[in-house]
Amino acid sequence: MKTIYLDNNATTAIAPEVREAMLPYLGDLYGNPSSMHSFGGQLAEAVDNAHEQMASLLGADPDEIIFTACGSESDNTAVWSALQTQPEKRHLVTTRVEHPAILNVMQHWERQGYHVTYLGVDNKGRLNLDEYAQALTPDTALVSIMFANNETGNIHPIQRMAEMAKEKGVLFHTDAVQAVGKASIDLKKIPVDMLSLSGHKLHTPKGIGALYVRKGVRFRPLIRGGHQERGRRAGTENVPYIVGLGVAAQLAAAHFEEERFNVSSLRNALEQGIVKNIPDSIINGDVDNRLPNTTNISFKNVEGEAILLMLDRLGICASSGSACSSGSLEPSHVLRAMGVPFNYAHGSIRLSLSRYTTQEEVDFTVQHFPEVINTLRMISPFKE
């Protein structure tokens with residue numbers, strides 16, 4: 001049975017070009033890039049090249065890029081640095097719909113005595129800029145708001161929010177893990193101070209990420225030790241994965257228009273095909289302002305986990321929300337924040353595509369989705 005992978009917001013397939021670029025650094029080119037000899041120097045050049053490739057995708061300078069192990073490390077580092085460089089400030093601003101990599105960090109700092117403002121969203125998952133403006137105070141050390149939501153695909157007005165923070169002298173961080181390569185990001189125009197990303201959302205292996213830190217922003221490293229990454233992230237560089245992320249950044253730039261148009265066309269066909277053929281189904285989020293690859297659909301009076309199990313029998317991979325919070329029988333915190341009714345929120349499914357998704361896969365999913373929902377509604381304990 002063929003696997004139809006529609007869970008790309010959880011992780012992505014490794015691009016063949018990425019794998020090919022990494023292979024020499026998993027074999028003959030095994031030196032330490034910090035070594036003085038020319039054998040290690042080859043790897044230092046590869047790391048420098050990856051900085052340039054990543055910076056080019058973001059509209060940044062190469063020395064503003066710090067390679068990390070993952071998006072969660074990047075998020076943690078951004079918050080840690082903001083607090084360590086401003087010990088007199090005790091207030092943080094975020095949203096109720098962030099990824100756990102930010103929400104759990106904020107809750108940790110609350111337990112250390114910090115005050116955190118959690119901004120709400122409307123029924124489409126949109127933020128209120130007036131509420132945001134009121135949250136900014138002289139005591140605010142950092143605003144951390146995701147660029148695009150991992151469950152609904154909603155794109156937040158990060159440029160305007162970063163500008164508002166800047167007017168108040170407040171640092172601004174964005175978790176752009178889902179957005180990089182899918183949404184337009186030019187850090188010469190968007191005045192964020194820090195930005196997090198993760199390679200495995202960009203067709204690299206898991207275990208590599210990056211943190212952008214704007215020049216002039218005071219910074220304190222989370223991981224201390226050696227001088228790697230210009231003294232901002234200790235530990236011998238993970239050269240194969242850094243090389244892979246550099247190539248992935250190049251590919252993301254090359255395929256950006258394809259992501260915007262081809263992938264969004266497939267997403268729309270998938271979404272409309274499902275909703276058209278299944279009564280009592282709703283699309284969650286802001287359909288006019290979201291990532292091109294993501295749809296989140298709720299089905300009345302069914303359980304999301306049961307939908308996933310039946311789809312899995314058909315070879316279709318999907319998600320009932322963030323993979324980092326899977327296993328919970330509670331509806332997604334994002335959908336709860338949006339006020340989606342419980343009998344819909346409990347049956348929510350996220351489908352996320354990539355440039356490798358095909359029309360045939362979309363057609364197969366649209367064909368079989370109604371029978372999955374109809375079967376589950378017949379046996380649902382939530383039947384009216």
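Over which residues does pLDDT stay under 50? That's the stretch 322–326, for which the model has 9 contacts beyond four places in sequence. Since this is a predicted model, that stretch deserves some care: where pLDDT is low, the predicted coordinates should not be read in detail. For the chain as a whole, the mean pLDDT is 95, and 97% of the residues reach 70 or more.

Let's start the tour with the seven-stranded sheet. It's an open one with mixed pairing, and its strands come in the order β2-β8-β7-β6-β5-β3-β4. If you follow that order from end to end, you begin and finish at an edge: β2 and β4 (115–119) each have a single partner strand, so one side of each has no neighbour in the sheet. Going from one strand to the next, the twist averages 20°.

For a look inside this sheet, pick out β3 (residues 91–95) and β5 (residues 140–144). These two run parallel and are joined by 3 bridges. In this pair, His91 stands opposite Thr140 in β5.

Now for the helices that pack on this sheet. Helix α2 (residues 38–58) touches β2 and β7 (194–198), and its direction makes about 115° with that of β2. Helix α6 (residues 158–167) also packs on the sheet, but its contacts are with β4 and β6 (171–175); here the angle to the direction of β6 is about 160°.

Next comes an open sheet of 3 strands, ordered β9-β10-β12, with antiparallel pairing. Its edge strands are β9 (281–283) and β12 (348–352), each pairing on one side only. The twist in this sheet averages 25° from one strand to the next. Strand β10 (residues 294–299) pairs with β12 in the antiparallel sense over 5 bridges, and if you want a spot to zoom in on, Ile297 stands opposite Ile349 in β12. Helix α9 (residues 256–277) lies across β9, β10 and β12, and runs at about 10° to β10.

With the sheets in place, what about the empty space? A search of the whole structure turns up 2 cavities of 30 Å³ or more. The largest has a volume of about 110 Å³. It is lined by 15 residues, and the closest to its centre are Lys182, Lys201, His203, Glu259 and Arg355. By class, this lining divides into 4 nonpolar, 7 polar and 4 charged residues.

The second largest cavity holds about 40 Å³ of space. Which elements each supply at least two residues of its lining? They are β2 (65–68) and α3 (71–85), and β2 is a strand you've already met at an edge of the seven-stranded sheet. The lining residues are Ile66, Thr68, Glu73, Thr77, Leu211, Phe219, Leu222, Ile223, Arg232 and Arg233. Sorted by class, that gives 5 nonpolar, 2 polar and 3 charged residues.

Conventions: Residues are numbered from 1 along each chain as its sequence is written. This is a predicted model: local features need pLDDT of at least 70, side-chain atom pairs count only at pLDDT 80 or more; totals for chains, interfaces and linings use all residues. Side-chain values use heavy atoms; hydrogens and water are left out. pLDDT is the predictor's confidence in each residue, from 0 to 100. Contact means heavy atoms within 4.5 Å. Two strands pair if DSSP finds at least two bridges between them. Helices (H or I, at least four residues) and strands (E, at least two) are DSSP runs, numbered from the N terminus. Axes are lines fitted to C-alpha atoms, for helices over the stretch in contact, and angles run from 0 to 180 degrees between N-to-C directions. On a 1 Å grid over the protein atoms alone, a cavity is a set of points where a 1.4 Å probe fits but cannot get out, and a pocket is an open set with protein on both sides within 12 Å along at least five of seven lines; lining residues have an atom within 4 Å of a point. Grid points are joined across faces, edges and corners, and a volume is the space filled by probe spheres set on the points. Ala, Val, Leu, Ile, Met, Phe, Trp, Tyr, Cys and Pro count as nonpolar, Asp, Glu, Lys and Arg as charged, and the others, Gly among them, as polar.
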